[in-house]
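Me: I would like a close look at one part of this model, namely an internal cavity and the core residues around it. Please keep to what can be computed from the atoms.

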Amino acid sequence: MKPIKLVISGIGPYGDRMPEIDFQSFDLNMPILIAGETGAGKTMIFDAICFALFDAASGSYRSTDSLRSEYAPPGTESYVEFTFAHQGRTYRIYRQPSYMRPLKRGTGFKLEKEKAVLYPGDDTPIEGIKAVNQAVQELLHVDEKQFKQLAMIAQGEFWGLLNAKTEERTGILRHIFMTEGYKAMELQLRERRGKAIKAADVLERSLIQYFCDAEAEPGSPLAEEISQLQEQLRKSGGIGSIEEMLSLLDRAIEADVPMEAELAEKLAALREALQELQKDLALAENTEHNLKKYNGLVKELAGLRERLADCEKREQQLAEAEKALQEKIRSLQSGREQLSSVPERLAACQQEINALRELADRLGSLQSQQVPRYGRAKKRLAELQEGLESAQSAHAAAMRARLDGEMQLERNRAGILAQKLVAGQPCPVCGAIMHPSPAELLEKAVTEADVKKLQQQEKKAEAARSSAAAEAAAARAELATLDSQIGSYMLECLKSGCWLEAVARGEAFAMEIPAEAGLRQLYELVQLQAGQLAALLQKKRESAADLQGRAKRLQQVERELAEASGRDTEALQLKRQKLLKERENAKTAVADREGQRQLLEQLALKIGTGGNSGNDGNDGNDGNGGSREAELAEYRGQLQRKISENKVQQQECQEALGRISRRRENNLSRRAKIAGLQGEFAAARHEAHILGRLHDLVSGQTGKGKLTLEQYIQAAGFDSIIRAANRRLIPMSDGQYELYRQEKELGNKSHTYLDLEVLDNYTGRRRPVRNLSGGESFKASLSLALGLSDKVSSELGGISMDALFIDEGFGTLDKKSIEKAMEILLKLSDSNKLVAIISHREELIEAVSQQIQVTKTRNGSSLAIEMGK
């Protein structure tokens, strides 16, 4: 990374946008000095670069949230724009800190959020804080801390660079010497070794499990041997000899073959004996069955004859039930005829009720709505009439007041004119020169304005009178309309056809309506009609309720009649058919059983060892029938016991045979699986062993030392960096100091293999670098930084640093040390590396011609570029 341009605006002590710092305009064969008094803002140039790249300041005591300049005017933006070259490409990064700025309109402040944009040449810009930070770290292969160790010795932090621990340097050297692959190799070997060990363990557990499932004949010496080996495998968890396991399984399989053959032969003999016993049992059961069949036929015949007698009795009962059902049907038919007219009468009554209810609703509407509406209209007309009379009186009074006012105005005008008359001079009105009775002024003067006001009041009164007259006329018309409508409605209700029909049936009174009846008289008749209508409606409802009860009875009668004519009749017919069929079946069965009994007698059925079945058709138990049945039962029982014993023996033999067969098959299966896994297990063990040795070698666990392969390569590379650093440190310290890497007790303290110590050639002793003085530490850290820079350039790794920044470290050096340091820096500049120094030392200001001058003022600091001669 090599700086190209830097723009600072509103950052730190720089209140405005500073002139662009073009690093390419400087002669890179010489260092650049950033000079100025203490507190002017020299270090802020480095802070701006660190902030642009890593969103962080270069020093340990400055944070990014305080970068906004206190001197910045409200309209000045705070940002840093940094352009740099890296590996042949040009990059520009814009970064703005968060800060509060005054509002452009009104009072108050607005938060400007943090922004960051990276422009990678002609590629698409990268925006966002996290995205830009990640892109910069991936581009430079260092983080902010590593960047400062490689490219910047910040004020007060050169001691940290020199005294960094192994863990801090490992990250830098890993990129410089590209040792990530060795670390990845160690991790990959560890993972593969773990997988190989796990695979071997899984196979070993499977082999142990397979052998532990093996069996032998219980109680045999072979079973004891197998059990002992199984117990040993379970406790140890490891396999000693697979061949021993296979040998024991072979012996167990061979031992089960003759036992299995012997049991199979015994099972065949038992099955043959069972067949003979079953034949004897079948013959005995058949003989016993024939004896029981004959005795059963005798008993069955007696039962069938009883069934025939029962059928005849039930047939008589069925005839009586059919007769009673016919009588019930005739009674229900008679009741249906008596109630047949009920539905029509009920419908007519309901129609009359609906008509009466409609008339009652109309009368109710007349009483609740029409009559009150008429009363309200009449009351409103009276109120409007009173208002009209009042408006007429007010208008007459206003007119009188206006006339009186006009008259008084004329009289006042004459009085005013009379006051100006002079005897002997003509009157301006009539021309007379004599004025015997001049008009006098009234005590109360009336003006034309008063007259106009009276005229307006008269017009207003006239308008009110006209409005009241119109409202009264409209109310009279509305009342007349209501009078006509309500009268017609009342006459219509009184002359309703429902009343005429009721009178014709003798259910209501006859009403005469006078020809000239008024509205009040009609209303009284309507009220009378409403009362009688309610009584008639109640009477009709009672009649309808009675008819509804009769209608329900009719429905019940029809339903019972339908059931009696249909379901009940059909049920009796089915019973009769079923009874006839049962009687015929009983007759047929009697004939059949009688034939069978006679056949058995004719065949002279032999029972037991001989004898007759009987000769008189009795139940077969007379004579020797009972003893013969007992003999057969005893003989059959003996056969059944023998058959049961045979089956038990067969089951025991079958179970033993199955147990041995399953054991042999299980042992064969386990042997096949163990033999199949034998080679795979050996290969897995071998692979785990090889990978374990490789991992131990790469991770430094092969001997007493614990230095990994990556650590070994980094240590060798760090030694080359130290050699490069000593080429600067030895002349800079007049040959007194040399840097060395710690190598004591490497095997036990591998975490210190990159720690530094210094050799004091004056005393011949080594001591920790932290014991160096301030000036000595600066020389050592500067030498180490230059050595790192040389190694980065020569290794061509992922890190490329073509710049070195030194901040105020020269303050601890004497004049001679400064001269030697400058010689080294001049040689370093010859390699086209940008070297920038911050210092206020006069020796450096005189020695370095190209400078960036920082001037401190009351309004903030400013920059000026001095290119030198």
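Which residues line the second largest cavity?

Reply: The model is a predicted one, and the answer below applies to that prediction. The second largest cavity is lined by Phe23, Ile32, Ile34, Ile45, Phe46, Ile49, Phe805, Ala836 and Ile852. By class, this lining has 9 nonpolar residues, with no polar and no charged ones. The volume of the second largest cavity is about 40 Å³, and the count of cavities of 30 Å³ or more comes to 2.

As for secondary structure, strand S4 (32-35) and helix H1 each supply at least two residues of the lining. The largest share, 3 residues, comes from H1.

Helix H1 also bears on the packing. The largest nonpolar core has 70 residues, and those touching the most other members are Leu6, Ile45, Leu53, Phe82, Phe147 and Leu739. Helix H1 (residues 43-54) gives the most to this core, with 10 residues.

Ile45 links the two topics: this residue is in the cavity lining and is one of the core residues that touch the most other members. Leaving out residues up to four places away in sequence, Ile45 touches Leu6, Ile8, Tyr14, Ile21, Ile34, Ile852, Val854 and Leu863. Among them, Ile34 and Ile852 are also lining residues of the second largest cavity, and Leu6 is also listed among the core residues touching the most other members.

Conventions: Residues are numbered from 1 along each chain as its sequence is written. This is a predicted model: local features need pLDDT of at least 70, side-chain atom pairs count only at pLDDT 80 or more; totals for chains, interfaces and linings use all residues. Side-chain values use heavy atoms; hydrogens and water are left out. A nonpolar core is a set of buried Ala, Val, Leu, Ile, Met, Phe, Trp, Tyr and Cys residues joined through side-chain atoms within 4.5 Å. Buried means under 20% relative accessible area, exposed over 50%, partly exposed in between (1.4 Å probe, protein chains only). Helices (H or I, at least four residues) and strands (E, at least two) are DSSP runs, numbered from the N terminus. Contact means heavy atoms within 4.5 Å. On a 1 Å grid over the protein atoms alone, a cavity is a set of points where a 1.4 Å probe fits but cannot get out, and a pocket is an open set with protein on both sides within 12 Å along at least five of seven lines; lining residues have an atom within 4 Å of a point. Grid points are joined across faces, edges and corners, and a volume is the space filled by probe spheres set on the points. Ala, Val, Leu, Ile, Met, Phe, Trp, Tyr, Cys and Pro count as nonpolar, Asp, Glu, Lys and Arg as charged, and the others, Gly among them, as polar.
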